[in-house]
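Trainee: I am new to this structure and would like to go through a few parts of it. Can we take them one at a time?

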Amino acid sequence: MRRLTWSVKMLSVALLLSPAVLVAQADEAEPQSITLPASKLAEYAGQYRGVVEPDIVNVIRVQGGALYAEGERTQPVELTPASVDHFFIRGTPLRVSFTRDAKGKISGLTTTVRGPRSTGAAMEMVRFSNKPTAINHFRDYTRNEVMVPMRDGVKLHLVILRPKGSESGGEPLPFLMERTPYGVDGETSTSVNAAKPELAQSGYIFVFGDIRGRYKSEGQFVMNRPIVDHKTKNDIDETTDTDDTIDWLLKNVPNNSGRVGVYGISYPGFLAMMAGIDANPAVKAISPQAPMTNIWIGDDFFHNGAFRETYGFDYVQQLEGQKTDVRVESSEDTFDFFLKNGNFAGAAKSAGMSDLPTAKAFLTQPAYTKFWQDMAVEPHLTKVEVPTLEVGGWWDQEDMWGPQAEYAALEKHDSKHEVFLVLGPWNHGGWVPTTRHLGAVDFGSATGETYRKTIEAPFFEKYLKDRRGFDLKDTASFRTGVNKWERYDAWPPKSGFKETKMYLAADHGMSFDAPKSESKTEYVSDPANPVPYRHRPIQPTYGTGSKWRPWLVEDQRFVSDRKDLANFTTAPLDHDVTVTGDVMADLFAATTGTDSDWVVKLIDVYPDDAPDGMGGYQLMIADEILRGRYRNSFENPEPVKPGEVTEYRWSLHGADHTFQKGHRIMVEVQSTWFPLYDRNPQTYVPNIMTAPPSAYKAETISIYESSKYPSRIEFEMPE
């Protein structure tokens, strides 16, 4: 995940602007300022609530003859008047306009972003009180930068933030550390108060570190550096760099309590888990959030052997092309770019990235070789060394697999009940902002706020400060559809649920009853005309205007009428149906080719009369791909026998969702998901990365829904 600096996040939270809106640069000339008397400024004072995001509250107040805005997660920022009712924030592209009611009284405000790349979008807030009650509890932190030596002599760069005045007085404070490849120069007192307001107010020594070979740190960067045997001082990995960093902090940072917590999202989530392996005795709690865990099996670069082409193409250039992040930008639809380049080898050559280390691995080791196995984290999770809080999102477009896999590996050894899991209605890192929404879907409350205030902050307070308030026994899960938090003794839940099967049926139907007749559904999959994974044009992953982050909740009607896939749908439900736990696809299918990809999507189809513009919406609940050549072994791919009915069984990952009465349940099966996943030629070649044009063939796909071959999905339902 490319890091979003909290200077931008702070403004987006404060003034109800999403990061997607803040694409403009502050390169438009600022308006001329004017002076308004304090009596005029007082008209604007009060509390304002977001229209779309009512959980975001801002206070507008007058202080020292100037107007200020502040939020729960943001320090006061001055609003400079350009004219009556119109203000701007110096050094930013943000403009604030106050609105008046029919009587001329201030009723709300609207924020916009100005500049040559602005979307022109506006966000609205309504005033619900004219009393500017303070809601910000900003605590001032001092900042220090150091270079810390590792055991092999390489020095790593740290930013240390601690409450002002805590260096020599007051109670000793624990550390909260995040290590990252995305740069730490932007970490300030403002950023920690915005990102972790409860913990910042409580008081911690926040430590942010550039990992080896990135930004200001010395040494060589290695993507998802494997854990090695530690026989000499030169046998280093992320566990040793974490250990050495902590040892230095304990000895050199005054007035610390000797306790350390480590957290992070995505790559920093992988690094947080490294702190829990061969853990330094001072580490008392870790929170790997959306961690990169196994980047071949189920996280960033491959899913069940299918190569995530656009992501691998963009991310490897971003991290390995230079020491600092440089996003891949292009005005060309990436669908067209990858189609014209034929295969990944052609695309990599076009971009000049073929010699980057991980790109070389993509090109030469597409199967689950020792190279990828050595990078996997879960084989190392053979004991619970420290209390661990895993966090994941149902619609995480990058690392949904990781937190559930790490939890599953650790849970087997959790004799002290110190492994916890939180699963919510979020995309990658979606628990960070204050929002009720993901794309078009409204979850009725700011679920990330609930997580941060009632789970994350109390977790660290308990294990780092011995404070009460953390009451999670095992798993907290947000059940979508009915939009409520559930708590379970394990994940998947082990009691109160029953195994359920839903069968694909003739005439594109679905049923809880096993089929009694013989039938099949066919479609032709043509690699020359692949099914797009999201609406076109498809921008580079983290490029300007990219729709990458919420793509998993896009309305699937944009592809559901295509002839190169198969849909199976129930009648409108006459009662609620809840799916909880791991969702399995068990497909009996055949192809006229010698290889194929299998994509299964479990979809909630909304009624046509659903409110809030959701009529007919097709929302993916669980989904996953399996590359056919790996149906028996990830290490030893093999061709498929043409025309032979073969069973393909794989996980669509976890879900906790209620299909409500009146909705329909749909299963969609397809064989391309482009260009996120590279095209399978559908004729077996040893290495798809270098497949010649002649290998790409249209083939007929048959999905069986019969008594002999009962294709189905399997899941758990409440008893």
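Trainee: How many bridges join strand β21 to strand β22?

Mentor: Bear in mind that this is a predicted model. Strand β21 covers residues 475–479 and strand β22 covers residues 484–488. The two strands run antiparallel, and the number of bridges joining them is five.

Trainee: Which residue in β22 stands opposite arginine 479?

Mentor: β21 and β22 form a hairpin with four residues between them. In the turn, glycine 481 has a positive phi of about 90°. Across from arginine 479, in β22, stands lysine 484.

Trainee: Is helix α13 largely enclosed by the rest of the structure or not, and how many of its residues are buried?

Mentor: Helix α13 spans residues 447–465, which gives it 19 residues. Buried here means under 20% relative accessible area. The helix is largely enclosed by the rest of the structure, because the number of its 19 residues that are buried is 15.

Trainee: Where is the kink in α13 centred?

Mentor: From first C-alpha to last, α13 reaches 25 Å, close to the 27 Å expected at 1.5 Å a residue. Even so, the helix has a kink of about 30°. That kink is centred on lysine 453.

Trainee: The side chain of serine 519 reaches the backbone oxygen of which residue?

Mentor: Serine 519 is in the loop between β24 (509–511) and β25 (520–525). Serine 519 is buried, with a relative accessible area of 19%. Leaving aside neighbours within four places in sequence, its contacts include Ala506, Ile703 and Tyr704. At 3.0 Å, its side chain reaches the backbone oxygen of glutamate 705.

Notes. Residues are numbered from 1 along each chain as its sequence is written. This is a predicted model: local features need pLDDT of at least 70, side-chain atom pairs count only at pLDDT 80 or more; totals for chains, interfaces and linings use all residues. Side-chain values use heavy atoms; hydrogens and water are left out. Buried means under 20% relative accessible area, exposed over 50%, partly exposed in between (1.4 Å probe, protein chains only). A polar contact is a pair of N or O atoms within 3.5 Å; within protein, one must be able to donate a hydrogen and the other to accept it, and residues adjacent in sequence count only if both atoms are side-chain atoms. Contact means heavy atoms within 4.5 Å. Two strands pair if DSSP finds at least two bridges between them. The expected span of a helix is 1.5 Å times one less than its number of residues. The bend at a residue is the angle between axes fitted to the seven residues ending there and the seven starting there.
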